[in-house]
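The following report describes one protein model, beginning with the surroundings of its ligand and going on to its domains.

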Amino acid sequence: MKTLDDCRRSIDAIDNEMLELLNKRMKVVERVGEIKNASGGAIYRPEREKAIIERLEAQSKANGGALNKSAIEAIFLEIFAVSRNLERPEKIAYLGPEGTFTHQAAESRFGAMSDYISLSSIHSVFKTLESKRAKFGVVPIENSKDGIVGETLDLLAKSSVKIVAELYMPIHMSFVTKATKIEDIKKIYSKDKGFGQCREFLSEHNLINIEHIPVESTAKAAILASEDPNSAAICSHIAAKLYKVPTMFENIEDEHDSSTRFVILSDFKNGISEHDKTSILVKLEDAKEAGSLVHFLQDFDEENINLSKIESRPSKDQSGFGYWFYIDFYGHIDEPHIQKVLSKHDAEVTWLGSYVKGEDEL
Ligand SMILES: O=C(O)C(=O)C[C@]1(C(=O)O)C=C[C@@H](O)C=C1
């Protein structure tokens, strides 16, 4: 029977081997970086990362290994993040401040070691990418309960920035305050969506009729609540911890399976993988004619292209009344059957990105 000391000696030996192997991997990665830097190729290749994780998951299963997909992902996403930093360090702009769900989403993809820029609006994230002050941007695009984030869609419509990846994160809200009694709370800070996601909680605790102050992020709400003991914030657990505001209630969201879809923005096109999704904007020329959208969608149907989302937005241009449509469908823009459909509608379609579809779609 192995003793604890025996086990620890084995662990030390295995750790040494793993470190040697990781360093060996990083030598290869350095060469990949040289090749990409010489050709101007994109460093971040989400489709390749996904393929690696899938291969390792299958291998682990076949060999009866203890590591499941989530464990493999947790370990390897951090390895990829270190690799990318070695190939070419790139800055990541996100909707801050620190402690937002977007920050959490950014860290889950780019790891703890990357160089982050926290910005106070979605608009600033787009501007920072357009001016090349950051290579990647992370912003929310949709919540399973509250729907689309209009600002992100409107900016995608105007900007040259593309979606290169998406990810879904479960959202849990906390009610945090420095007050010791709920009756002492005179105002609540949160992001507008935060109030929207916790209506039942607010009503059950008679918090509907006190002042609700929407601010630009749930982390900002935590900062404000940390400065005023007669206020509270609806925010993430990490924001409460970061800004040292005690938690009065946890998991106060109406729907506990609420999750938010985030998109990673950049300036390159991904290669084709087997699990792609494409986002487009459609401005139909004859939008006032009944049936024009139906005809457009029939073209997709004929090629067996499945839509995962369609959302109409009022167009904000000067020409007056009108709508455009935001559409997500399965497949990559470079696949021939997709080209066939889109080429029929060249003038009406703006491509927003093709990317590996995230796990746990809303
Ligand atoms: O295969 C590549 O293109 C690499 O740059 C290597 C690597 C990796 O560490 O395996 C790193 C970054 C990419 O996002 C994908 C994979």
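## Ligand shell and domain contact

Helix 1 (4-39), helix 2 (46-62) and helix 3 (69-87) each contribute at least two residues to the shell around the ligand, where helices (H or I, at least four residues) and strands (E, at least two) are DSSP runs numbered from the N terminus. This is a predicted model, in which local features need pLDDT of at least 70, side-chain atom pairs count only at pLDDT 80 or more, and totals for chains, interfaces and linings use all residues. Residues are numbered from 1 along each chain as its sequence is written.

With nearness taken as a C-beta atom, placed from the backbone, within 6 Å of the molecule, the residues around the ligand include Tyr-44, Arg-45, Arg-48 and Glu-49. Helix 3 gives the most to this shell, with four residues.

The UniProt record, in an unreviewed entry, lists residues 1-91 as "domain: Chorismate mutase"; such annotations may be inferred rather than shown by experiment. That span is 79% helix and 1% strand, and its end C-alpha atoms lie 50 Å apart.

An automatic or database assignment divides the protein as follows.

| Domain | Residues |
|---|---|
| Domain 1 | 4-87 |
| Domain 2 | 91-171 + 259-266 |
| Domain 3 | 174-249 |
| Domain 4 | 276-356 |

The centres of domain 2 and domain 4, taken over C-alpha atoms, are separated by 23 Å. Their contact takes nine residues from domain 2 and 10 residues from domain 4, two residues being in contact if their C-beta atoms, placed from the backbone, lie within 7 Å. On the side of domain 2 that touches domain 4, strand 5 gives the most, with five residues.
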